[in-house]
Amino acid sequence: MGEGSTGAAAAEVVAEVAGSAGSTWRRAGLAGAAIGVIAAGAAAGVAIERMTVGRGMRKKARLALDASGPYGSLRGMPGKAYADDGTVIAYEVDEVEPGAADGPQSPRKRRLFGRKAPASVTVVFSHGYCLSQDSWHFQRAALRGVVRGVYWDQRSHGRSGRGMGQLHDGKPVSIDQLGRDLKAVIDAAAPEGPLVLVGHSMGGMTTMALADQFPELIRERVVGVVLVGTSSGKLGEVSFGLPVAGMNAIRRVLPGVLKALGSQADLVEKGRRATADLFAGIIKRYSFASRDVDPAIARFAERLIESTPIDVVAEFYPAFAEHDKAEALVHFAGLPVLVLAGDKDLVTPSEHSEAIADLLPDAELVLVPDAGHLVMLEHPEAVTDRIADLLVRAGAMPEADGARTSSG
């Protein structure tokens with residue numbers, strides 16, 4: 001199916017949903033399909049190849065994949081922070097293991113950091129839209145016990161509470177609010193000591209919002225920054241791999257669709273479950289670029305995204321069009337900064353990472369070949385190795401004796 005027919009199909013799906021989002025089970029399924037695209041980071045439908053395996057077999061395959069993968073199983077010491085509107089923000093801390101530098105270590109950890117004692121730095125990981133702290137599974141596994149890590153769930157995501165300002169006061173979500181949430185997490189989980197900030201997609205935008213509102217924190221405590229698959233603005237221009245005509249049509253009806261879907265949460269969730277196979281295809285297209293992605297990892301990404309309630313998906317989406325934090329990047333000037341993206345990212349195209357690097361000429365820009373939006377799951381070693389390099393350059397970790405910290 002060509003680009004023209006893809007855009008037409010997308011427009012038809014969104015138009016039908018906008019016209020009658022909640023009247024029948026079938027339309028609920030279409031609504032679920034449309035919101036599945038949004039949840040994956042796109043704005044509307046995409047052509048999916050017809051699946052030839054029976055529905056029962058596909059269900060059994062999903063259950064088998066859920067049981068076989070350890071992804072998302074890592075847990076740390078739980079804690080709670082409280083946002084300025086009272087929202088409960090959940091975080092977990094992985095402490096440095098006593099004697100980790102001298103005791104037995106995996107070959108990978110020795111390769112990354114050697115056997116020297118780690119510095120007293122806290123690395124704070126912020127996840128993206130419709131994900132959770134578990135999206136950092138591979139990086140967490142590699143760094144676990146070697147560096148102090150804080151992993152948190154953005155408001156209304158993962159284990160964090162529903163945004164109080166949104167639930168009770170009807171306030172729109174803003175990237176600035178997310179930046180203040182990150183500040184609350186830092187105050188609770190890492191009130192002192194040097195910090196390295198790592199953010200993917202919305203998490204990178206959250207990190208920029210933190211810098212914009214709390215420049216003194218960046219100046220006094222931050223020793224390194226990692227921005228993965230993110231953008232400093234102009235997200236309204238992203239086409240998500242769709243032709244311009246189709247994308248323009250989608251943008252015209254999208255506000256009404258989102259409003260309708262958010263008000264029909266129970267019905268849309270039923271439709272979303274009913275369109276699980278379509279949803280899986282959309283997730284894969286907008287998350288990964290490699291043809292040989294491990295099916296268990298693809299299923300893990302699907303579970304992460306489908307766990308985000310429909311009203312939360314609709315609630316957050318408008319904030320991205322308003323996001324503009326290019327001027328905030330100046331607060332990272334002079335720091336070791338890694339800007340990394342998949343070269344085939346359809347959600348936050350690599351051009352957005354290049355634009356960030358242009359504003360931070362001393363930053364390291366890495367475009368990972370054959371990688372999509374969830375590059376940290378698709379090519380985990382490449383991402384982990386580059387983060388390790390950054391930690392060394394930031395002085396957060398000693399350089400390994402004769403060890404190679406990058407994958408090339």
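**Notes on a predicted model**

1. Start with Tyr151. This residue is buried, with a relative accessible area of 2%. Keep in mind throughout that the model is predicted.

2. Phe125 is the ring partner of Tyr151. The two form a stacked aromatic pair, with 4.7 Å from centre to centre and 10 degrees between the planes. Phe125 belongs to strand S3 and Tyr151 to strand S4 (residues 148–152), so the pair ties together parts that are 26 residues apart in sequence. Phe125 also counts as buried, because its relative accessibility is 0%.

3. Now look at the other ring pairs. The count of aromatic pairs comes to six. One of them joins Tyr71 and Phe138: their ring centres are 5.4 Å apart and their planes stand at 50 degrees, so the pair is tilted. Tyr71 is in the loop between helix H3 (55–68) and S1, while Phe138 is in helix H5 (residues 137–143). The two residues are 67 residues apart, so this pair links distant parts of the chain.

4. Are Tyr71 and Phe138 buried or exposed? Tyr71 counts as buried, at 15% relative accessibility. Phe138, at 21%, counts as partly exposed. The cut-off for buried is under 20%. Ring pairs also bring in Phe300, and Tyr71, Phe138 and Phe300 make a cluster.

5. Phe300 leads to helix H13, where it is one of the buried residues. The others are Ala296, Ile297, Ala298, Arg299, Ala301, Glu302, Leu304 and Ile305. Nine of the 12 residues of H13 are buried, so the helix is largely enclosed by the rest of the structure. Note that Arg299 and Glu302 are on the buried list too.

6. Check the length of H13, which covers residues 295–306. At 1.5 Å a residue, its 12 residues should span 16 Å. The C-alpha atoms at its ends are 16 Å apart, which agrees. Look at the start of the helix as well. There, a side-chain oxygen of Asp294 reaches to within 2.9 Å of the backbone nitrogen of Ala296.

7. Strand S5 (residues 195–200) is mostly covered, with six of its six residues buried. Which residues point which way? Leu195, Leu197 and Gly199 point one way, and Val196, Val198 and His200 point the other way. Residues on both sides are buried.

8. S5 has strands to pair with. Strand S3 (residues 122–126) runs parallel to S5, and five bridges join them. In this pairing, Thr122 stands opposite Leu195. S6 also runs parallel to S5, joined by six bridges. Here Leu197 has Val225 of S6 as its bridge partner.

9. Next come the loops. Thr87 lies between strand S1 (77–82) and strand S2 (88–94). At 0% relative accessibility, Thr87 counts as buried. What does the side chain of Thr87 reach? It reaches the backbone nitrogen of Met164, at 2.8 Å. Leaving aside neighbours within four places in sequence, Thr87 is in contact with Ala81, Tyr82, Arg155, Gly161, Arg162, Gly163, Met164 and Gly165.

10. Ser232 is another loop residue. Its place is between strand S6 (222–228) and helix H10 (244–263). Ser232 counts as buried, at 9% relative accessibility. Not counting residues up to four places away in sequence, Ser232 touches Met208, His323, Asp324, Lys325, Ala326, Leu329 and Ile356.

11. Gly170 makes a contrast. This residue is in the loop between helix H6 (164–167) and helix H7 (175–189). Its relative accessibility is 59%, so Gly170 counts as exposed. Where does Glu315 lie relative to Gly170? The two are 145 residues apart along the chain, yet their C-alpha atoms are separated by 9.9 Å.

12. Finally, check two charges over rings. The charged end of Lys183 sits over the ring of Phe214, 5.1 Å from the ring centre. The charged end of Arg285 sits over the ring of Tyr286, at 5.5 Å from the centre.

Note on methods. Residues are numbered from 1 along each chain as its sequence is written. This is a predicted model: local features need pLDDT of at least 70, side-chain atom pairs count only at pLDDT 80 or more; totals for chains, interfaces and linings use all residues. Side-chain values use heavy atoms; hydrogens and water are left out. Helices (H or I, at least four residues) and strands (E, at least two) are DSSP runs, numbered from the N terminus. The expected span of a helix is 1.5 Å times one less than its number of residues. Buried means under 20% relative accessible area, exposed over 50%, partly exposed in between (1.4 Å probe, protein chains only). A polar contact is a pair of N or O atoms within 3.5 Å; within protein, one must be able to donate a hydrogen and the other to accept it, and residues adjacent in sequence count only if both atoms are side-chain atoms. Contact means heavy atoms within 4.5 Å. Two strands pair if DSSP finds at least two bridges between them. Rings of Phe, Tyr and Trp (its six-membered ring) pair if their centres lie within 6.5 Å; planes under 30 degrees apart count as stacked, over 60 as edge-to-face and the rest as tilted. A charge sits over a ring if NZ of Lys or CZ of Arg is within 6 Å of the ring centre and within 35 degrees of the ring normal.
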